[in-house]
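Got your viewer open? Let's take a walk through this model, one selection at a time.

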Amino acid sequence: MISSSSMTCRPRRPVALLVMAVLLAGCAQSAGTAVGQPDTAPQNPARLRLIGAANEQMADGKLAEAGRLLDEAQGLGPENADLWLAIARLRFRGGEHLTAIEAADRALQLGPDHAPALLMRALMVRDAHGFADALPWFEAALTADRTNKDAWAEYAATLGDSGRHRDMLNALRELAKLAPDDSRVFYLQAVLAQRGSRPVLARSLLERSGMAARGVPAALLLDALINLDQGNYDSAAQQLETLSARQPANARLRELLARALLLSGRETELVKRFATEAARPEASAYLVMLVARAHERLGDRASAAPLLERAFAEPSVALVALADRPGLPAPTADLRKRGAAADWAGARSMAADFRTRFPASADFAQLAGDAAFGGGDADAALAAYAPAASIRRPWSLTRKAVEAYRRKDDDLAADTLLARHVAGEPDNIAALAALAQALARRKEWERSALLLDHAIALGGGHDPALLVLRADAARALGQRDAAERFSALAADLRPPALTRR
């Protein structure tokens, strides 16, 4: 098997397929693993039928039967890329994330120009390293097969998430040539329209896609955002309620639901649903502010005041490693309850047991890291976060890893990790603000100001702390008018009772 470390060896620009194959071989060799020869043997029809049947079983959620079929296919002669790609998919679906990487690498050993394997690798790189690093892999997949509709769709989506909207539109045109009726053509065009503040066009395109009607989560979220823009707050709240029930750990969905409830005048419902969560130390300043505003509208200023103080105070660097919330799976919920009770020894013991039972799971690796982080063991936390980050690197994970490095007084590693996250996810406002704060501490005001301007352009201008930092940067750069403007904007956002203090 190829080591998972090969995942971090990736081209930085579109390359010819032959060069891509050489790079893949170089990555494997640098990991200390022998490189196999590409499979040029004729396809075995019986094996192809078994692989197809296994893929159908996976689609139906019958993973054990899919595994049996792939075991049978593996016994039918020389290995090939299709087989190992199916094995990679099965392992990933079954939660064996780390061994899924090994299987995907094996598929690429056997078929360096195998477009579906290159596409899967692109998706893995996107999850672990961000949009920019994934683009060359999508381009390699398309070089291998210009007719791969899935590759065009994912490439277009990744271009859009990278901020390259014109290139995204060009990729969608290529997809439309291949499959003019593909629902993703209309859905991704709807995403572009919504990002361009054209909700009416976005609604029309989304309806043409049919994806919201089929209950696709991403399409339902886009539909809810369009409803928010068009003032259909009750409809948005209903959609976000459904999505939140399906994804209870998604904090962004809960914030959007709280906003929809406030905008629709359902303050009592908002307080009932989110007051307990807003009282927790890990609650975002935005959610805390929404609950405070609901209390204000209900005439309960006594409850609103302390929440407003928290919402508009300087952001705390303290992180909650294992936040407990309803609706999570039993193993995760039990572990989080121990963390919420500060039983870090018990949490670490439970996490260690999970990792022993599920050694290839990135999810349990992250939980083990969280338990160590909460218990104050930064080294153990980072050691557990590393394999988790090789599969998925959400902002929540990066943020905890950054804080773990800071606890070790390794600010260089922390700032480097922040910079890498921003490079991979350039439209993440929270990550931009965190990196800007780090640069400000080093008196790198010009770079800090550029990041803050980008965050404000993305919608971060509702955050007083971000505006205050931008005003500080303007003063440091000798920009008096800009400093006064940003200070005034920050003051306008603060409640009058707090501004007069």
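Before we start clicking, one term: a residue is buried when its relative accessible area is under 20%, exposed when that is over 50%, and partly exposed in between (1.4 Å probe, protein chains only). This is a predicted model, where local features need pLDDT of at least 70 and side-chain atom pairs count only at pLDDT 80 or more, while totals for chains, interfaces and linings use all residues. Residues are numbered from 1 along each chain as its sequence is written, and side-chain values use heavy atoms, leaving out hydrogens and water.

**Stop 1: the whole thing.** Switch to cartoon view. You'll find 28 helices and zero strands; these are DSSP runs numbered from the N terminus, with at least four residues (H or I) for a helix and at least two (E) for a strand. The protein has 501 residues, and buried ones make up 48% of them. Now show the surface: about 23600 Å² is exposed, with carbon and sulfur atoms supplying 53% of it. That area comes from the Shrake-Rupley method with a 1.4 Å probe; for residues, only the protein chains shown count as cover.

**Stop 2: the nonpolar cores.** A nonpolar core is a set of buried Ala, Val, Leu, Ile, Met, Phe, Trp, Tyr and Cys residues joined through side-chain atoms within 4.5 Å. Select Leu 70, Tyr 155, Tyr 187, Leu 206, Leu 270 and Phe 274: in the largest core, with its 97 residues, these touch the most other members. A second, separate core of 34 residues includes Ala 381, Leu 418, Leu 435 and Leu 466. In soluble globular proteins, nonpolar side chains tend to be buried together.

Zoom in on Leu 70. Not counting residues up to four places away in sequence, Leu 70 touches Ile 51, Ala 54, Leu 83, Ala 86, Ile 87 and Leu 90; contact here means heavy atoms within 4.5 Å.

**Stop 3: salt bridges.** Here a side-chain nitrogen of Lys or Arg sits within 4 Å of a carboxyl oxygen of Asp or Glu. The count comes to 31 salt bridges. Let's pick a few.

- Select Lys 177 and Glu 174, whose closest N and O atoms are 3.3 Å apart. They are three residues apart in helix H9 (residues 165-178), so about one helical turn separates them. Lys 177 is exposed at 64%, while Glu 174 is partly exposed at 26%.
- Next, try Arg 126 and Glu 154, which meet at 3.0 Å, N to O. Arg 126 belongs to helix H6 (residues 115-129) and Glu 154 to helix H8 (residues 149-161), so this pair ties together parts 28 residues apart in sequence.
- Then go to Asp 370 and Lys 400, also bridged, at 3.0 Å from N to O. Asp 370 is in helix H20 (residues 362-374) and Lys 400 in helix H22, 30 residues apart. Asp 370 is buried at 2% relative accessibility, and Lys 400 is buried at 8%.
- For a network of salt bridges, select Arg 406, Asp 411, Asp 415, Arg 442, Glu 444 and Arg 447.

**Stop 4: Arg 393.** Look in the loop between helix H21 (378-389) and helix H22 (395-407). Which side chain of opposite charge is nearest to Arg 393? It's Asp 133, 6.5 Å away, and Arg 393 is buried with no salt bridge. (Lys and Arg count as positive, Asp and Glu as negative; His and the chain ends are not counted.) Now show the backbone of Ala 128: its oxygen lies 3.4 Å from a polar atom of the Arg 393 side chain. Beyond neighbours within four places in sequence, the contacts of Arg 393 include Asp 127, His 129, Thr 398 and Arg 420.

Conventions
A polar contact is a pair of N or O atoms within 3.5 Å; within protein, one must be able to donate a hydrogen and the other to accept it, and residues adjacent in sequence count only if both atoms are side-chain atoms.
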